[in-house]
Each structure stands twice: as C-alpha cells, then as structure tokens.
Amino acid sequence: MALLEAKGVKAYYYVRQGQVKAVDDLDLAIERGITLGLAGESGCGKSTLVNTLMMNVKPPLHLVEGTIVLDGKVISNMDRSTLQKNIWGVLVSLVPQSALNALMPTMNIEGFVKDVIRHHMSVPDSQIISMTKKRFEELNLPVEALSMYPHELSGGMKQRAVIAISTLLNPKLLIVDEPTSALDVCCQKQVLRMLIDLRKTGITQSIVFVTHDIAVLKQIADWITIMYAGKIVESAPTDDLLNDSKHPYTFSLINAVVTPEPEVRKRGLTSIPGEPPNLLDPPKGCRFHPRCPKVMDVCRSVEPTLVKIEGNRIVSCHLFPSES
Amino acid sequence: MLLEVKDLRKAFHVGLIRRKEIVAVDKVSFNVEPKKFISLVGESGSGKTTTAKMILRLVQPTSGSVMFEGKDVWRFKKINELRRYWREVHAIFQDPYASYNPLHKIDRILYQAFNLMEHSDTDRNKMVREALREVGLRPEDVLGKYPHELSGGQRQRIMMARCYMLRPKLIVADEPISMIDASTRAGVLKLFSKLREEHNTSVIFITHDLGLAYYVSDEILIMYKGSIVEKGPPDEMMNNPQDSYTKRLREDIPLLYGKWDGF
C-alpha cells in the first residue's frame with residue numbers, strides 16, 4: 001500500500017470574492033521509498049496541495065472534499081490537536097518555503113531543538129541534545145552548529161539544520177517546499193545531497209520535493225508530477241517525463257529551463273506565453289487551453305481526465321483520449 | 001568606452017570600540033563597451049552587489065574610480081551631469097516589489113520616467129502603452145493596478161518597460177530573474193537581448209547562476225571574496241575553466257540531461 005493516498009481532494013480558499021480553487025478534485029498516491037518531485041509555476045497550487053496532504057489546513061483554506069490516508073491512518077477527519085500530537089513531526093514533516101527563517105534569532109540551534117522536541121515527547125534535555133548530536137553526525141553536519149545562533153550560519157547551513165531538526169523523530173514522509181530556491185548553487189547541492197542521505201540512512205521513507213526548477217528534480221527525483229491551476233496534468237518517472245513529455249504544458253515547462261548544455265543551447269530560450277489563470281474563476285474546459293500551442297476545439301469546452309498511458313504514466317490532455 | 005571601472009575597493013568598518021575592517025570589494029577593474037553584455041557571477045557575499053551599487057552611485061567606493069563616458073561618476077560637478085547619468089544608467093533589482101511604492105499605482109512609476117526625459121512634449125500615454133506592449137504586457141492588464149496585484153514576472157517586466165522608455169545606455173541588473181518563475185525567465189532574458197539589438201544598450205548582469213550567464217553574455221567575470229578571479233568569453237568559462245572556484249561553480253549547476261556525481 002502506498003505511504004500516502006489522497007482521493008478526490010478539493011482544497012479551496014474562502015475569500016470575499018468567492019472560492020479560490022487552489023486544489024481541485026485531485027488524486028495522488030505517494031509510494032514508499034521514492035522521491036517525488038512536484039513541479040509547476042507559482043500559483044498553481046503546489047504549496048496548498050502539500051499543506052493539504054498533511055492536513056495543515058487553516059482558514060481561509062478549507063478541505064472541501066476528499067480523503068487522505070497516511071500510512072494506513074485516515075488523517076482527513078482528525079482534529080488539529082491530534083494531528084499535532086500524533087502525526088506531524090512523527091509520521092509526516094513539512095519544511096515550508098523559506099523555513100530557514102523559522103529559526104529564532106535570539107536562541108541558539110540547541111535551544112530551538114529542545115523547544116521543538118518538547119512538544120512531542122517528555123524526555124530530559126540532555127537526551128534530546130545527545131540525540132540531535134548523533135543525527136547531525138549521521139548527516140555530516142558540523143556538531144558545533146548546535147551552539148551557534150542563526151546569524152552565524154550560512155543560508156545553506158540553516159536550511160540543512162532546519163531539515164535535520166524536522167526529521168529528528170524519523171517521519172516516514174518528508175515534504176520540502178522550495179528548499180533550494182533561496183540558495184546559491186553551491187549550497188543547493190549540499191541540501192540535495194542531504195536529502196539523498198536522509199533516504200539512504202532510512203530516516204525517512206519517502207520525500208516530496210516541491211519546486212519550479214525541473215533541472216533540480218532531474219538530480220534527485222524518481223518520479224515527477226506536474227501541476228497546473230490546481231490539477232495534475234502529467235505524472236511519470238523522471239527520465240520518461242524529461243525525454244518524452246506528453247502534455248503540452250510539461251513540454252513548455254521543460255523548454256523554459258535554462259541550463260548550459262548543448263541540447264538546451266540548440267533549442268534556444270523559450271518561455272510560456274501569458275500568465276497562469278486566476279483560480280477564482282478558472283477557464284472552462286482544459287485549464288491550460290488559453291496558453292496551449294496545440295489547442296483544439298474540444299479543449300475549450302470539455303475538461304480532460306487523467307488517463308493511464310504506457311505503463312504507469314498518467315496524463316490529462318485531449319491529445320491522449322482514454323481508450324473507453 | 002562606455003564604462004571603465006578601475007581598481008575599485010570598498011571597505012566597511014564595523015564595531016564601536018574594536019574597529020574591524022571588512023573588505024567587500026578589492027581591486028575590481030573591468031570595461032564595458034557599447035552593446036556588450038557583461039555578467040558578474042559569484043556566490044552571496046562575493047561583493048557583486050556592492051560593485052553594482054558603486055557603479056550606480058549608491059555606495060561610495062573607498063578607493064578606485066568609475067568612469068562613465070570618460071567622466072568620473074563620483075565627481076560630477078553639475079546637477080545636469082548627474083541627471084544625465086540617472087537617465088543613461090538604469091538599475092533593475094532582484095526584488096521588483098521593493099522598487100515600487102506599494103501605495104502608488106503602477107502608472108506612477110512609469111510616468112515618473114518622463115521627469116528624467118528631455119523631450120517632455122511627447123504623447124505620454126502613447127509612449128507608456130507602447131513600452132508595455134514591447135515587454136509583452138497588455139496595458140489594460142496592468143495600468144491602474146497596485147504593485148501587489150501583479151505577479152513577480154509582471155513587476156519585473158514593468159521595470160523593463162521603464163527601460164524601454166528611457167532607452168538607457170547601460171542597464172545594471174542585479175539578480176533580475178532569480179525571484180521569478182523558471183517559465184518566464186527566458187522571456188525577461190530575451191528582453192535584454194532585444195534592447196541590446198535595437199538600441200545598443202549594454203548590460204551588466206549580476207547573477208549566481210553561471211548557467212544563465214553562459215547564455216546571454218559576451219564576457220563573464222567570476223567574483224570570489226571581493227575580487228575577480230577569472231574572466232573570459234562564456235564558452236571558455238564553461239568548457240575550459242582555469243580557476244578552481246570557477247570549476248566548482250560549473251560543477252554545481254543542476255543539469256537537465258546529465259546527473260551529478262554520486263546522485
């Protein structure tokens with residue numbers, strides 16, 4: 001059984017102007033032992049989706065419909081205090097965007113760790129510290145960092161410390177939201193290497209990596225899921241998706257990546273025209289049709305469904321009609 | 001020669017009792033010719049932004065000089081010389097939101113550009129609309145809106161539209177695309193090339209991403225700990241880097257078709 005299974009999830013923001021359908025009728029399964037890359041432009045609902053997957057929904061965000069099963073437990077009907085006590089940090093951990101700023105400027109890392117762990121279990125401080133030291137060594141992080149204050153650490157070091165602290169209780173699923181977007185290229189590599197170590201050492205079973213940079217996903221993801229306007233448009237193993245994308249949006253997204261490679265130089269610089277739609281009132285039919293280079297008449301009125309093609313890949317586009 | 005940077009140095013002094021000197025930029029020299037695209041590449045803290053600020057006259061150098069068309073920009077004698085410099089050297093910063101007053105509508109930042117222009121009798125409305133269309137924005141989508149109502153890519157394009165109106169000779173762009181989505185990055189980069197082709201604009205492009213610099217530059221300067229450690233044409237930097245820091249920077253770029261060692 002998959003580690004996390006979400007079915008028919010609808011997560012809307014209730015605002016004065018109406019409902020922002022940030023995640024709309026979405027199914028997703030995260031298998032055990034994989035790193036799943038979740039990619040898409042800003043505002044496509046990636047961050048909302050990962051927050052919903054761990055039931056971190058606070059008004060104005062509401063889970064309107066759908067069930068979420070994590071490691072055999074239905075978490076979509078749990079209340080916040082149960083989640084805080086038994087699920088978050090223990091079964092699933094989320095490292096949100098710019099989490100490196102979550103560290104208290106007036107507290108050293110050690111103090112921060114104690115503060116976090118005390119919420120989950122009652123153990124003496126000395127034990128928390130020795131546990132953290134061991135974990136830092138395991139992940140090749142300098143133990144001295146524990147006695148330092150955030151301003152003494154580099155951005156990459158802060159990010160790695162935050163990830164190490166969020167996985168102290170060995171959550172089976174780790175969700176990282178844009179962990180490298182604010183970092184230099186050199187620090188980015190260190191953070192990615194640490195994520196690989198986290199899975200190799202068995203600290204976490206699966207990782208969900210949210211980003212808009214597909215070149216980063218090539219390095220660490222086994223599987224990539226592409227989101228557009230609150231929906232999944234395509235999902236496939238990394239190399240299949242990069243070498244043979246099916247959905248026109250995936251194709252444009254890959255073509256917008258700029259890396260110093262002969263293949264990329266040959267095709268030149270391209271960007272996707274237009275802006276992602278306003279989710280208060282998404283376009284009828286296929287949500288990508290106003291920007292799609294291969295738009296057909298049917299796209300403007302009929303919404304495509306996710307269909308299976310070539311093994312386990314799925315795609316939602318009228319170019320790939322379901323067989324029935 | 002459009003811009004000549006010579007032996008630029010900036011040292012900051014910190015501490016009240018125990019004074020400490022931090023050298024942010026040291027012995028930086030380079031030239032920018034008309035219609036050239038120069039990239040300044042380095043990690044955070046390497047002094048790229050301080051260099052840019054000294055060129056823009058925002059930070060006074062400790063020693064060294066910045067010459068624009070033969071005149072030292074820190075020794076302008078008349079206000080007109082300074083105004084001309086502001087018109088001909090345009091800055092674009094990393095966070096486009098920070099360049100706007102959140103309480104003013106987008107129109108204002110565009111119309112403000114006319115204050116710097118000599119010919120004020122032109123049809124302003126027409127010029128603004130033309131510039132917006134030029135950068136791929138529909139005037140009716142952005143005019144009359146506040147900065148927070150626009151996306152990061154749109155905000156950065158409005159800065160570019162200002163560039164179109166002013167037609168500067170030099171654009172100093174400090175990480176102009178690191179905060180915008182990968183899907184719109186190529187579009188903004190193309191705008192720089194277009195300006196260069198149509199109006200002979202030179203660009204100093206500051207970035208931490210050697211991969212991006214490779215695409216757009218005529219020359220790449222690698223900065224490390226305040227100094228330039230290597231410079232040359234992009235192909236040479238990518239295929240045959242000499243300095244150990246350049247080599248590391250090159251290896252750290254995530255690739256779309258190749259994998260890193262050990263990943």
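Analyst: A residue is buried if 20 or more other C-beta atoms lie within 10 Å of its own, exposed if 12 or fewer, and partly exposed in between, with C-beta atoms placed from the backbone. The model is predicted: local features need pLDDT of at least 70 and side-chain atom pairs count only at pLDDT 80 or more, while totals for chains, interfaces and linings use all residues. Residues are numbered from 1 along each chain as its sequence is written, and chains are lettered from A and ligands numbered from 1 in the order in which they are written.

User: Why does B:Arg57 count as partly exposed?
Analyst: B:Arg57 has 17 C-beta neighbours inside 10 Å. That value falls between the two limits, so B:Arg57 is partly exposed. B:Arg57 is found in the loop between α1 (48-55) and β4 (63-68) of chain B. Helices here are DSSP runs of H or I with at least four residues, strands are runs of E with at least two, and both are numbered from the N terminus.

User: What is noted about the phi of B:Arg57?
Analyst: B:Arg57 is not a glycine, yet its phi is positive, about 70°. Most residues other than glycine have a negative phi.

User: What makes A:Met55 buried?
Analyst: A:Met55 has 20 other C-beta atoms within 10 Å. That value meets the limit, so A:Met55 is buried. A:Met55 also has a positive phi, about 65°, without being a glycine. A:Met55 is found in the loop between α1 and β4 of chain A.

User: What else stands out in that loop, at A:Pro60?
Analyst: A:Pro60 lies in the loop between α1 and β4 (61-70) of chain A. The peptide bond from A:Pro59 to A:Pro60 is cis, with omega near 10°. Most peptide bonds are trans.

User: How do you know that A:Thr180 is buried?
Analyst: A:Thr180 has 22 other C-beta atoms within 10 Å, so A:Thr180 passes the limit for buried. A:Thr180 sits in the loop between β7 and α6 (185-200) of chain A. Its contacts (C-beta atoms, placed from the backbone, within 7 Å) are A:Gln188, A:Val191, A:Leu192 and A:Val216, leaving aside neighbours within four places in sequence.

User: What makes β6 and β11 of chain A edge strands?
Analyst: 8 strands of chain A form an open sheet in the order β6-β7-β8-β3-β9-β10-β12-β11, with mixed pairing. β6 (92-95) and β11 (307-309) of chain A each pair on one side only. Pairing requires at least two bridges found by DSSP between two strands. The twist averages 20° from one strand to the next.

User: How do you know that β6(A) and β7(A) pair?
Analyst: 4 bridges join β6(A) to β7(A), and the two run parallel. That count meets the definition, so the strands pair. A:Leu94 stands opposite A:Ile175 in β7(A).

User: What covers the faces of β6(A), and which residues show this?
Analyst: A:Val92 and A:Leu94 lie on one side, A:Ser93 and A:Val95 on the other; all are buried, and both faces are covered. In a regular strand the side chains alternate between the two faces of the sheet.

User: Why are β2 and β5 of chain B placed at the edges?
Analyst: 4 strands of chain B form an open antiparallel sheet in the order β2-β1-β4-β5. β2 (20-32) and β5 (71-72) of chain B each have a single partner strand, so one side of each is left without a neighbour in the sheet. β4(B) and β5(B) meet the pairing limit exactly, because they share 2 bridges. There B:Met67 stands opposite B:Asp72 in β5(B).

User: What is the largest nonpolar core made of?
Analyst: A nonpolar core is a set of buried Ala, Val, Leu, Ile, Met, Phe, Trp, Tyr and Cys residues joined through C-beta atoms within 7 Å. The largest has 157 residues; A:Ile175, A:Phe209, B:Ala161, B:Val172 and B:Ile204 touch the most other members. Helix α6 (residues 152-166) of chain B gives the largest share of this core, 7 residues. Nonpolar side chains tend to be buried together in soluble globular proteins.

User: How many residues does the contact between the chains take?
Analyst: The contact takes 30 residues from chain A and 31 residues from chain B. α7(A) gives the most to the side of chain A that touches chain B, with 6 residues.

Note on methods:
Axes are lines fitted to C-alpha atoms, for helices over the stretch in contact, and angles run from 0 to 180 degrees between N-to-C directions. Two residues are in contact if their C-beta atoms, placed from the backbone, lie within 7 Å.
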